[in-house]
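Q: Could you walk me through this one? I'd like to begin with the ligand and then move on to the helices and the backbone.

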Amino acid sequence: MSELELEQLVCEYRTELLGTDCVIPRFGWKLRSEKRNTRQQAYRIQVADAADFSRPIWDTGRIESDHSIQVEYEGPALLSRTRYYYRVQVWDQFGRQSQWSTAEWWETAFLESSEWKASWITPLDNATGTVSPPVSMLRRAFSLKTAITSARIYATAAGLYEIYLNGSRVGEEWLTPGWTSYQHRHQYQTYDVTEYLREGSNALGIQLADGWYTGRLGWDKQSGHYGKQRAVLLELHVRYEDGSEETFCTDASWKAAEGPILFSGIYDGELYDARKEQPGWSEDGFDDLDWQETIVAKLPYSQLIAQENWPVRVTEILTPQQVIHTPSGDTLLDMGQNMVGRVRLNLHLSAGTHLILQHAEVLDREGNFYTGNLRSAKQRVEYIANGEGVATFASFFSFQGFRYVKIEGLSGLTDTQLLQGFTGEVMHSAMAPTGQFQCSDERINQLQRNIVWGQRGNFIDVPTDCPQRDERLGWTGDAQVFIRTAAFNYQVAPFFGKWLRDLEADQRLDGSVPFVIPNILDNNAANANEGQTNTSAAWGDAAVICPWTQYLCYGDERLLGEQYDSMKAWVEYIRRQGDNEYLWNTGFHFGDWLGLDAKENSYIGATPLDLIATSFYANSVRILRDTAVVLGKSHEVRHFSELLNRIIEAFRREFVTPTGRLAAPTQTAHVLTLMFGLVEGQDRERTARELNDLVVNNKYHLTTGFVGTPYLCLVLSDHGYHDTAVRLLLQDSYPSWLYSVSQGATTIWEHWDGIKPDGTFWSDDMNSYNHYAYGAIGDWMYRYLAGLDMDEKETAYKTIRIYPRFAGGRLTSASARLESPYGAIESSWIEEEGRRTLEVQIPANTSARITLSGAKLGRLTESGNPLTDVEGIGAVQENVEGIQLTAGSGTYRFSYPLESLEV
Ligand code: BGC
């Protein structure tokens, strides 16, 4: 019999989880089996503190269960700073038994923040909190008695830090410790530094910059949102060969100096003077006599948490595509892609050469360098050479959003030398890629690439609105509209898990959710909307929509439980806002932000604010009710069901005429009403018909903004107007998804017409070329066009739904692939030579419900065989739509003649 195997074991979503404070980690594994219809019958997990499993600390024995994701550890209490190994064995329903999986590991950090022994320290001259002083260098030499077997560093900063040990940079993480609601939750990182150390003398060095903590954040130029003083905290734990341990901590014995980075800021870039380098500064034997003292900073420990998110890394290196000499005389590098990260230079430069790099996303109509849309963000990196060897440099603590780099201060280099002298380092939270989509229209494939690049560029530890101007903030509305698409393209569970805990931490006492998470806007009175709370419908709803989406995509019931109070608080907040508790018709709202039906000079689309607010209220209450069902809170299920009914009644009274016409004649009003199930029966049909008319009468163009756009194609496809949805997607004149593609976009724009057909720009004050919100169409492309979806009654793709909505000949193929928690799923169709063929891959331990539109029983084959009695296929039904069948795991190839469609 063929083999049953296990692969890709994970602990808390990761294969090698170094440094967690999770006390009940969850395991997952994937089954591999060539045999169709394989289901897990039972599993066994062992956990040990040694790789040979000679003395497991936990052994489940054989457990009869098909659970293979989110399986909780139930062994003895875990210890801090300990590596644990785990392995799994499974049985299937055919009686096959797998070998033990390979052993994987995870390692705990400090399970209690009270275990920290180190002191927060700050350079003496930084203690007064001057604005943006040069980046500090801190150092300390130390000695190891004998050889060691292992060593770990635990470190964080109020600011951004990086560590050097004996002259080598530790780890591949950047922008550590990441950005959280630092007052409540402050991440530290764990590094395995065993290989960096040696017996005898060693030295540690730290560079410490402002970053999000003390640096400038927000468009009002305010800095020091979390504190005025940078500080760093580090512990090095070594274990000697004899088993004893020694710890080296930051304390006031460390010395500090100013280094070559004279300035560094998230928005503004960096200024590096290589002449001020101090060679050997992080090595033993360096003379630090003229370095300054450090002092202990009074910062708390209770908010310290181990790293939760994927770290930010350099994930790809781009080479410039061409050198452009602009009409106004500038020399530019064109990276060929609007990217986020930094430029690295690699050039021989004579001493004193002062190189200035400026970064921009687009060129203007004349082909000149354009930075107007950066507002006050400088995105400027300067490097002064010391003339010693090849200068290799990239900014340490800043990132830029750019396609074009303007180079000043270099003369006499040929274009070829310029092209060879620079690379672009793409940086983002290093989430594993999970999804792929493609189809027969190359323009749509470019759109998909733009969506993915938009996600990469804006997932830099928090989901930002944009990566270039003086904003780069975790706007809740943007995150909420994009999360489902995001979860196709990448594994985003740790990313959004972390951000949602920040959301809960920053949620106000009255339950309102700040505009941005981490919330830095409340600190500044200038941002207050005339005394209103800074919260808005469709933005604050991220508190409810995002945990639910995580639950659907990853089966993360724990997160749902953890966020439940936050979700409830948001709904209770809304309930107190309206004139009556069932309508939300007060307060400030962003509305259908950037909707094209907005009044002249307004960003807020024409759809009534109270309609948007009330419909999102209903949606959040519905999700909360469903959450209460999942969490077994039956009393609250009744409560929220009742509340939902009342809201729907109130919505209808307020916004639907007695004959079923929606009172607001906008596309977005119709979209939300349908999407959130606010009308039924004939009213629903009418609303859908009228939405379709609105689109058709607008010559297949949308008018929707942030709020309506994500759902527009979904509701059209769901209500019999799929062809209109396809035509909207394929539309390439303004406004449309393909308009920006036709203009050469390589990311998603904030505005449908960021660059107008005549080449002029939308106004400078709000015009990002890398905003993922409209990329939310990706969700529909995966689920509807390619047909890769789940049955939401069972989460995480345990029951897969394969249901491609074909494109009436407008596309001849579409395919999607998703690395789901259970394994790879694929749905891929092609129409050629009069036949339609659908290839499907269903991972072991899941099953699928497959709809083959237009297929007829006698004419459908699977891998060339008639459908009767095909291994793996269960119930088959024929109806007006076509054929519905269920299938177990395996790969299938269905095929049927296209003419059977014309019935
Ligand atoms: C951001 C948005 C955000 C909006 C609030 C903008 O400045 O870039 O994407 O949601 O403000 O309306």
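**Ligand, helices and backbone**

A: Starting with the ligand, a polar side-chain atom of Trp-539 lies 3.0 Å from one of the ligand's oxygen atoms, though please keep in mind that this is a predicted model.

Q: Which other residues have a polar side-chain atom by an oxygen atom of the ligand, and at what distance?
A: Glu-471 places a polar side-chain atom 2.5 Å from a ligand oxygen atom, and for Trp-593 the corresponding distance to an oxygen atom of the ligand is 3.4 Å. The ligand on its own has 310 Å² of accessible area, and the protein covers 96% of this.

Q: What residues are around the ligand?
A: The shell consists of Asp-465, Arg-469, Glu-471, Trp-475, Asp-478, Trp-539, Phe-590, Trp-593, Phe-706, Glu-750, Met-766 and His-771.

Q: And how does that shell divide by class?
A: Six of the residues around the ligand are nonpolar, one is polar and five are charged.

Q: OK, helices now. At what angle do H7 and H9 pack?
A: Helix H7, which covers residues 557-575, packs against helix H9, residues 634-655, at an angle of about 35°, and their axes are 13 Å apart. The crossing in which H7 passes H9 is left-handed.

Q: Which residues meet there?
A: From H7 there are Tyr-564, Lys-568, Val-571, Glu-572 and Arg-575, and these meet Glu-636, His-639, Phe-640 and Leu-643 of H9. By class, the contact of H7 with H9 has four nonpolar residues, one polar residue and four charged ones.

Q: What about H10 and H11, how do their axes cross?
A: The axes of helix H10 (residues 667-675) and helix H11 (residues 681-697) cross at roughly 145° and come within 9 Å, and this crossing is left-handed. On the H10 side the contact includes Gln-667, His-670 and Val-671, while among the H11 residues that take part are Arg-684, Thr-687 and Ala-688. The contact of H10 with H11 divides into six nonpolar, four polar and two charged residues.

Q: Changing topic to the backbone: where are the cis peptide bonds you would point out?
A: One joins Ile-517 and Pro-518, with omega about -10°, and Pro-518 sits in the loop between helix H5 (493-506) and helix H6 (542-554). Another runs from Tyr-734 to Pro-735, where omega is near -10°, and Pro-735 is in the loop between helix H13 (722-730) and helix H14 (737-742).

Q: And what is phi of Arg-375?
A: Phi of Arg-375 is near 50°, which is a positive value in a residue other than glycine. Arg-375 belongs to the loop between strand S29 (369-370) and strand S30 (380-384).

Q: Why mention these at all?
A: Because most peptide bonds are trans, and most residues other than glycine have a negative phi.

Notes: Residues numbered from 1 in each chain as written. Predicted model: local features only at pLDDT ≥ 70, side-chain atom pairs only at ≥ 80, totals over all residues. Heavy atoms only, no water. Axes fitted to C-alpha atoms, helices over the stretch in contact; angles between N-to-C directions. Helix = DSSP H or I, 4+ residues; strand = E, 2+ residues; numbered from the N terminus. Left-handed = near helix turned anticlockwise from the far one by under 90°. Contact = heavy atoms within 4.5 Å. Nonpolar A, V, L, I, M, F, W, Y, C, P; charged D, E, K, R; others polar. Near = heavy atom within 4 Å. Polar contact = N/O pair within 3.5 Å; in protein donor to acceptor, adjacent residues only side chain to side chain. Areas by Shrake-Rupley, 256 points an atom, 1.4 Å probe, with all protein chains shown as cover.
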